[in-house]
2 protein chains.
Amino acid sequence: MSEKISEKFSRGELLNVNCPSREVLKRVTSRWSVLIFLALRHNTLRFSELRRAVGGVSERMLAQTLRHMEEDGFVERIAYDVVPPHVEYRLTPLGQELQGQVVGLADWLELNVNRILAPRDKA
Amino acid sequence: MSEKISEKFSRGELLNVNCPSREVLKRVTSRWSVLIFLALRHNTLRFSELRRAVGGVSERMLAQTLRHMEEDGFVERIAYDVVPPHVEYRLTPLGQELQGQVVGLADWLELNVNRILAPRDKA
DNA sequence: CGGCATCCCTGGTGATACTG
DNA sequence: CAGTATCACCAGGGATGCCG
């Protein structure tokens, strides 16, 4: 019985409360991770470069989000043992795959934002 | 000068703090809207049906998220003037377009969740 | 049935200061 | 440079009760 549970949630179960994908979805769609995916789309970036690239992010949230993305296997952290410290972040192959989906969503939004916001301005 | 501002943010500016797409992104990637997009993927659903379809959502958040999605033009609310009340929700054409992007992300997550979660279980 | 109003509390987030 | 630690705030979200 119990060994069947994992199979039960193999697909199409995001709508189920207990679907393990829910947790991942929550982190992937979190406020800053989407923007970090965009920033790392083509580049490997250092912490401070990321901070400048992602407008409005605080050090705290950038570090926290990067740690989560690293835990999820989307981001690789490369630390050079020098002074002053030098750390680079880049997307893993898994992260690159997901980035494709995230960018698809983001691009659609940027292209169509006027269709969304314009009607509201008239009201 | 000022009339140029809207053009400045026409594309590739999600990383900018002041990009108007930021607000839309926030609502689209909010906890429940993603799941509502999935639930309304193929069907028109009533409020109570949506409540059952989207596991774990409270009445309050379902109503609130639906209102936001309606304001953004993604969801159409159809109220029949009968007793007891009968209200249906369905995606607008705009919502259908966005749904394609959201579903792409969700499907990828469900298909690859094991590649994400499995490594952590070993640790 | 399909909500809205209210209370309440957790946790996500920002600001600041500090460290290796 | 690349973070961590601490504090404080308030929006997100759950629970409950009421209404057309």
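The surface near DNA strand D divides into nine nonpolar, three polar and seven charged residues. Nonpolar here covers Ala, Val, Leu, Ile, Met, Phe, Trp, Tyr, Cys and Pro; charged covers Asp, Glu, Lys and Arg; the others, Gly among them, count as polar. Near means that a heavy atom of the residue lies within 4 Å of the strand.

This is a predicted model, in which local features need pLDDT of at least 70 and side-chain atom pairs pLDDT 80 or more, while totals for chains, interfaces and linings use all residues. Residues are numbered from 1 along each chain, chains are lettered from A and ligands numbered from 1 in the order written, and side-chain values use heavy atoms, without hydrogens and water.

**Surface around the DNA**
- DNA strand D is surrounded by 19 residues, the closest being A:R46, A:S48, A:R77, A:Y89 and B:R60.
- Sugar and phosphate make up 60% of the strand D atoms that come within 4 Å of the protein.

**Polar contacts (N or O pairs within 3.5 Å)**
- A:E59 has a side-chain N or O atom 2.9 Å from a base nitrogen of DNA strand D.
- B:R60 places a polar side-chain atom 2.9 Å from a base oxygen of DNA strand D.
- A:Y89 has a polar side-chain atom 2.5 Å from a phosphate oxygen of DNA strand D.

**Symmetry**
- A turn of 180 degrees with a shift of 0.0 Å along the axis lays chain A on chain B, with an RMSD of 0.0 Å. The superposition is by least squares on C-alpha atoms of residues with pLDDT of at least 70 in both copies.
- The two copies are thus related as by a two-fold rotation axis.
- Within chain A, A:T29 comes closest to that axis, at 2.7 Å (C-alpha).

Methods: A polar contact is a pair of N or O atoms within 3.5 Å; within protein, one must be able to donate a hydrogen and the other to accept it, and residues adjacent in sequence count only if both atoms are side-chain atoms.
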